[in-house]
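Student: I would like to go through this model one question at a time. Please show it before we start.

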Amino acid sequence: MSPKSALKAKPEPAPSKATSRPALLLAWYDRHRRRLPWRAGPGQASDPYRVWLSEIMLQQTTVKAVGPYFEKFVARWPDVTALGRASQDDVLRMWAGLGYYSRARNLYACAVAVTGEHGGVFPDTEEDLRALPGIGPYTAAAIAAIAFDRRTMPVDGNIERVVSRLFAVEEELPQAKPLIQQLAATLLADSRAGDSAQALMDLGASICTPKKPACSLCPFNEDCIAHAQGTQETFPRKAPKKSGTLRRGAAFVVTRGDELLVRTRPEKGLLGGMTEVPGSDWVAGQDDATAKRRAPELKGLSRWQRKVGVVTHVFTHFPLELVVYTAKAEARTRAPEGMRWVPTATLAGEALPNVMRKVIARALNLPPGRSS
Ligand code: SF4
């Protein structure tokens, strides 16, 4: 294959070394695999529960961030049946801080389904796995390959990067996904499918990194097209990102002695079921005066104080700016309907999303990252 060839539609016939790629990859993995809390040791069978839990947690989240959450979950709920018998509130509380909270609700729904409909045993085919809540095509393939050694290649961001460089895929993401999927499948060994997938994930995470890939250490460096061209960092090709429109709103932090006024967000929608301080809707172009009209009304409340600046947060589809107001309520002031007082000392146990942690930290003058 010429280094200049651009793969746009069908994978070209494999180059002369292609037959050895899966073997090269596995040999590299056997020497350099990452030790991860959810990963079985060499030659050991994988636990589908741990594979599933880690794959859900790792969606849009780094290995470093997931590690402590994974350990907490398996310590409290050592198998899927235990998780399926927990309460959703407890699961959301344990998940708080990890972001993308619909994953936590789906995680719980999936555990309930596996416990109730499958006798506590995960199905072992991609098709049956995809029928479970929160398990999309990628996660189904990852669980099928890693936990059940099904011959399938899950393609995550790391694998997309390695494959698009190795074959110099000129087509832009996301249109290039089917082609990358086909090319990635050529890297599967005849057996040890799960190890082939994990090897590519590890290669992408540790060697074929977005910036400055360590090509001299890569098992594919002799026939990687991007490496030969010196164009590694330009792959994968991506269509320019459209960022969402900025939304604006207000958050109201009311304290009553050592307590804080909170409410629970509606079950459906963004941050569903999570805890928040009262606030306005989050709307593009909203002015401060309109947002402030949504302040909760309590008897005997001090004047609202506006904190300097705004709290910013970036969701997947839009950035957000919140103006933070604070006020003090008198002792024994009742919470408005649908709200409740919680001691600030126990806020860490609430299912507070990161944006609310930032709001509370700003309101109470806590260091960033602390909400209690
Ligand atoms: S040779 Fe370099 S660019 Fe090619 S797959 Fe390996 S690390 Fe990535």
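Tutor: One definition first: a residue is buried if 20 or more other C-beta atoms lie within 10 Å of its own. The model is predicted. By that cut-off α9 is mostly covered, with eight of its 10 residues buried.

Student: Which residues of α9 are buried?

Tutor: The helix α9 runs over residues 157-166, and eight of its 10 residues are buried. Charged residues count like any others here, because burial is decided by the number of C-beta atoms within 10 Å. The buried residues of α9 are Ile159, Glu160, Arg161, Val162, Val163, Ser164, Arg165 and Leu166.

Student: Against which helices do the buried residues of α9 pack?

Tutor: α9 is followed by Ala168, which has a positive phi near 45°. The buried residues of α9 have three helices as packing partners: α10 (177-185), α11 (193-206) and α12.

Student: Which residues come nearest to the ligand?

Tutor: The shell around the ligand has 14 residues. By class, 10 of the shell residues are nonpolar, three are polar and one is charged. Cys counts as nonpolar in that division. Those that come nearest are Cys208, Cys215, Cys218, Cys224 and His227.

Student: Which element gives the largest share of the shell around the ligand?

Tutor: Two elements give two or more residues to this shell, α9 (157-166) and α12 (225-229). The buried residues of α9 also pack against α12. The largest share, three residues, comes from α9.

Student: Which helix gives the largest share of the largest nonpolar core?

Tutor: That core has 95 residues, and Ile143, Leu200, Val253, Val277, Val324 and Val359 touch the most other members. Its largest share, nine residues, is supplied by one helix, residues 137-148, which is α8.

Student: From which domains does this core draw at least three residues?

Tutor: The chain is divided into two domains. The core takes at least three residues from each of them: domain 1 (18-234) and domain 2 (247-363).

Student: Which residues does Val324 touch, not counting those up to four places away in sequence?

Tutor: Val324 is one of the core residues that touch the most other members. Its partners beyond four places in sequence include Val253 and Val359, which are in that same group. The full list is Ala251, Val253, Lys307, Val311, Val359, Arg362 and Ala363.

Student: How many residues does the contact take from domain 1 and from domain 2?

Tutor: The C-alpha centres of the two domains lie 36 Å apart. On the side of domain 1 that touches domain 2, α5 (88-95) and α6 (102-117) each supply at least two residues. That side divides into three nonpolar, three polar and two charged residues. The contact takes eight residues from domain 1 and 10 residues from domain 2.

Student: What share of the residues in the chain is buried?

Tutor: The chain holds 14 helices and eight strands, and its C-alpha trace spans about 80 × 45 × 30 Å along the principal axes. Among contacts with a separation of 6 or more, 70% join residues 24 or more positions apart. Of the 372 residues, the buried share is 38%.

Student: Over which residues is the pLDDT below 50?

Tutor: The mean pLDDT of the chain is 90, and 93% of the residues reach 70 or more. The stretch in question has 25 contacts in the model beyond near neighbours in sequence. The pLDDT is below 50 over residues 1-19.

Key: Residues are numbered from 1 along each chain as its sequence is written. This is a predicted model: local features need pLDDT of at least 70, side-chain atom pairs count only at pLDDT 80 or more; totals for chains, interfaces and linings use all residues. A residue is near a molecule or strand if its C-beta atom, placed from the backbone, lies within 6 Å of it. Helices (H or I, at least four residues) and strands (E, at least two) are DSSP runs, numbered from the N terminus. A nonpolar core is a set of buried Ala, Val, Leu, Ile, Met, Phe, Trp, Tyr and Cys residues joined through C-beta atoms within 7 Å. A residue is buried if 20 or more other C-beta atoms lie within 10 Å of its own, exposed if 12 or fewer, and partly exposed in between; C-beta atoms are placed from the backbone. Domain bounds come from an automatic or database domain assignment. Two residues are in contact if their C-beta atoms, placed from the backbone, lie within 7 Å. pLDDT is the predictor's confidence in each residue, from 0 to 100.
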